[in-house]
Amino acid sequence: MVASWLAVLAACVTFLTTTPASADPVGDCTATKGAIVAVDFGPFGGTVQRGCDTTPTTGYDLLHDAGFTTTGTEHDGPGFICRIGYGSFNSGTQYPTADKESCVLTPPATAYWSYWTASPGQDDWTYSQYGAMDRKLGDGDVDAWAYGGTDIGGSTGKPTFTPDDVRAGGDSTPDPGGTPTGGPGQIDTKAAVAWLKGRLTDGERVVDDGADTPDHLLTTETAYALAAVDGDSTGLDKVTAFLAAHTVDYAYPSGTGQAPDATAAARLALLAESTEGDPRAFGGHDLVGDLTKNVCAAGPESGEPIPGCTAKGDFRNAGYAEGQALSVLALLRAAVTPPAETVDRLTQLQCTDGGITSILIRPGEYCDGDPATTGLVALVLHRAGGHDDTVAKARTYLTTVQRTDGSFPGYTGATTGSVYATAYAAQALHALGNTARAEAAVGWLSRQQLTGGGFGFEEGATDPALYPTPPAVLAGTGTSLATLTTKKTEPTDPPTTPTSPPATPAPGIGPDLKKGVAYLTSATNLKQGLYYTSGPATSRADFGLTIDGAYALAATGLNNAKLRGIVDFLDQKGKDGEGRTVNDWTGVGTAYAAGGSLGKTALLAEAVGRNPRDFAGRDLIAALDESVCAKPSTAPDRSCAAKGAYRYAPSVFAQSLAVMAQLRAGEKPEEAIAYLESLQQDTGAWPSLIPATDDSDVDSTAIAAMALDLAGGQKAEAAVDRALAWIASKQLSDGGFPGAAGNSVNSAALAVQGLSLDGGKYVDEIAGARKFLASQQNADGGFNVAKEGQRGSDLRASTQAVSGATGVSFGTLERSLTGTSPQPTPSPSGSAPDIVTPGDTAGGAGGPTADGVSGGGALASTGVQIGALAVIAALLVLAGWRTAAVARRRVDAGGER
């Protein structure tokens, strides 16, 4: 199961109440158009209320577009649905009311809003394997929210009505595939690049037909395509060298002493950044510095217009939204925080329908968006963070204008698909997590590829052209200018003397861990190389998931540099886009300090050689010791489940992590260990939740076994033996293991870690599980949540799959960071740009302040994807605690640990 519930918050955090959009009338949805959501207010004296969204995107958006309001928790953000209201019921009052549920911590499993889904033609509810933010909707889908309690498998607590009771009317059954309906396909990127190479003069430059001078723009675009397909190559080096030698011709048409052409300078800077070059010394020019020094302080309205400035925040001579966006992206990729006004300028180009215009308009001017510009700007704003609403509206616009064949029109009113627009839209949708729509767009592009490998401008074109081909290549490789790189992810040298080697090397065919690590550390996923976010369009850090990623990197040793960056960010109290630190997540020093979060953080510190007694400025071990409950708490206080439990530790996972952290720090929390042992069932399994329920869970059993294996002693050894035997008995015929999400990647990975405690005995089971994990790995290196259900790589499942596949228990995980260096990170106060003012060439510092705004984001089962099921992620505070460790051979009972 995947998790994330808990209760930790900083006093400064405020939870976000989301208001409804202008709702579509229920009658506007039909069996083949739109999606329906139904909310049962019965427990609060109301009835079932329905709403409609004619252009459905996600379950979260469906709620609000259908006219409902929601409130999240202070700990998890708005994505964890804690309260729901509807205008026609009791004047829009949200339930449960504050006197019943504070929405500070995640609500208990016995009283929360559970999330249920049904596909077209399905008349039975499915307990959602995904949170509402990552539930991708199609026409004819139905969602439901029911208040009360349910078990981890969703076998209880279903809505009292059926999907057919509330779904839209209509006689026809919608296509269960949803929209768009265009078939899949793959672009032959090698053929496309071969065609592009054939268009190069002397293998280094593009010269248009009938022209004598190089086309620097198309030469740069061609270089991007070469980088995406060939990587570091002689051909790419030759093109890059040509552009470097002609930097002045392209980027400084007015002379080197004048402001550059921002679009050209940004393109060259992005090429340097994508090819491991230096954008501060490209062709002898500091492209980054020249961009930052030439930001418009005002537009013509100032009375003293500056050439190349349309409005405040423009990069001089950017000309169009494309140039503005590329300039912002170039600074971001150079680890420079763009001036706030340059990023805000992009948001000012958004039209009322969510599209973004290609022209640098001023406020109040006519606005007409197009898919290509919308895709590019959405990519950049997603990378920048802090503009979630704009990104969400842009994404909605893209899903609205996408044609049923998967293509996108080039402009408003166009009746045919545009290759260029579809390529940029596909890149954006891929980055924003709309995988199905991105794949449909790439499928359409594949059908437009011409015999020679190139692409024409529009659907049905017979002549290839240079301009649309490179963007199509990037879409076909699943990358974009925000992530393009020729750098190969190579493993760093592990410690020369490994500690506690695995008893038996993980046997059998397993997943590609290099690809898995590349997925986890990609710029798309790991924000600024520092943390993972709680959702695709938020800058709120998911600290639990971030630590899971660090565990995976530590377990593999395949990217110690990125691991160092994450650890430093956490240890140095780095702030996410909302100004939160890891201490806000653990709640250390507050009344809501959570044992599981404290343990998870302390374990990471111990694994990489940091001091858990002084991590992020806090003594986590002392805090853990203080959080061991002396007795159970009484209602309404639900902090302590029992004597020996940790405060606000709602799961076996949380208890186990805290136990291991204290053990690794040299302490032996006897009461906490005894309580963990007491939760084991006669079968050898552990339940998932605390207080104990009747369920038996592979994930929880594996983590408890790791904790007790580390604790040692005759009783613990016997408990571990029984646990491993039970885990082995649950293996499915394909090597997988059952979890809350079905045949679960998380469960299989944790089973590998648990069974590896006695690897010699369970060699066949481990091999089968690793083969199953390999079958669930996608082309991008990430992993599905489960064999069944929604396809596509999931970060939470991927962190566990990568660490679990190593077969190591994180009770003894060690990864030395010796030899690594602090990673460069964007500084809100550093590298401040100069703002150009009339009559002056230098200005004051710009950019956002270091303090973020609290609120937003999501990390809960009912709002973000949980990879298991809504309730468990709602229940188990540690967002995917499946941590990794260095597996070791178990010693005889009574032996040294």
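Axes here are lines fitted to C-alpha atoms, for helices over the stretch in contact, with angles running from 0 to 180 degrees between N-to-C directions. On that footing, helix α7 (residues 262–274) and helix α9 (residues 321–333) have axes that come within 8 Å and cross at roughly 35°. The crossing of α7 past α9 is left-handed. On the α7 side, the contact takes in Ala 262, Thr 263, Ala 266, Arg 267, Ala 269, Leu 270, Glu 273 and Ser 274. Facing them in α9 are Glu 322, Gly 323, Leu 326, Ser 327, Leu 329, Ala 330 and Arg 333. Sorted by class, the contact of α7 with α9 comes out as seven nonpolar, four polar and four charged residues.

All of this comes from a predicted model, so a word on confidence is in order. The protein chain has a mean pLDDT of 82, and 84% of its residues reach 70 or more. Two stretches deserve a more careful eye. Residues 1–16 have pLDDT below 50, and this stretch nonetheless shows 104 contacts in the model beyond near neighbours in sequence. Residues 490–507 also sit below 50, with 35 contacts in the model beyond near neighbours in sequence. Where pLDDT is low, the predicted coordinates should not be read in detail.

Back to α9, which has another packing partner in helix α10 (residues 340–347). Here the axes are 10 Å apart and the packing angle is about 140°, which makes α9 oblique to α10. As for handedness, α9 passes α10 in a left-handed crossing. The α9 residues involved are Ala 321, Gln 324, Ala 325 and Val 328, and they meet Thr 342, Val 343, Arg 345 and Leu 346 in α10. That set divides into five nonpolar, two polar and one charged residue.

Further along the chain, helix α24 (residues 698–711) packs with helix α26 (residues 745–755): their axes come within 8 Å and cross at roughly 25°. The two helices are therefore roughly parallel to each other, and their crossing is left-handed. From α24, Val 698, Asp 699, Ala 702 and Met 706 make the contact, and from α26 the residues are Asn 746, Ser 747, Leu 750, Ala 751, Gln 753 and Gly 754. Counted by class, the contact of α24 with α26 holds five nonpolar, four polar and one charged residue.

Turning to the strands, five of them form an open sheet in the order β3-β2-β8-β6-β7, with mixed pairing. The edges are β3 (48–53) and β7 (126–127), each of which pairs on one side only. Within the sheet, β6 (residues 112–118) and β8 (residues 142–148) pair in the antiparallel sense over seven bridges. Trp 116 stands opposite Ala 144 in β8.

The loop between β5 and β6 has a couple of backbone details worth a look. What is the geometry of the peptide bond from Tyr 95 to Pro 96? This bond is cis, with omega near -5°, and Pro 96 lies in the loop between β5 (83–86) and β6. Ser 91 is found in the loop between β5 and β6 as well. Although Ser 91 is not a glycine, its phi is positive, at about 60°.

Terms used
Residues numbered from 1 in each chain as written. Predicted model: local features only at pLDDT ≥ 70, side-chain atom pairs only at ≥ 80, totals over all residues. Heavy atoms only, no water. Helix = DSSP H or I, 4+ residues; strand = E, 2+ residues; numbered from the N terminus. Parallel < 35°, antiparallel > 145°, perpendicular 65-115°, else oblique. Left-handed = near helix turned anticlockwise from the far one by under 90°. Contact = heavy atoms within 4.5 Å. Nonpolar A, V, L, I, M, F, W, Y, C, P; charged D, E, K, R; others polar. pLDDT = per-residue confidence, 0-100. Pairing = 2+ DSSP bridges.
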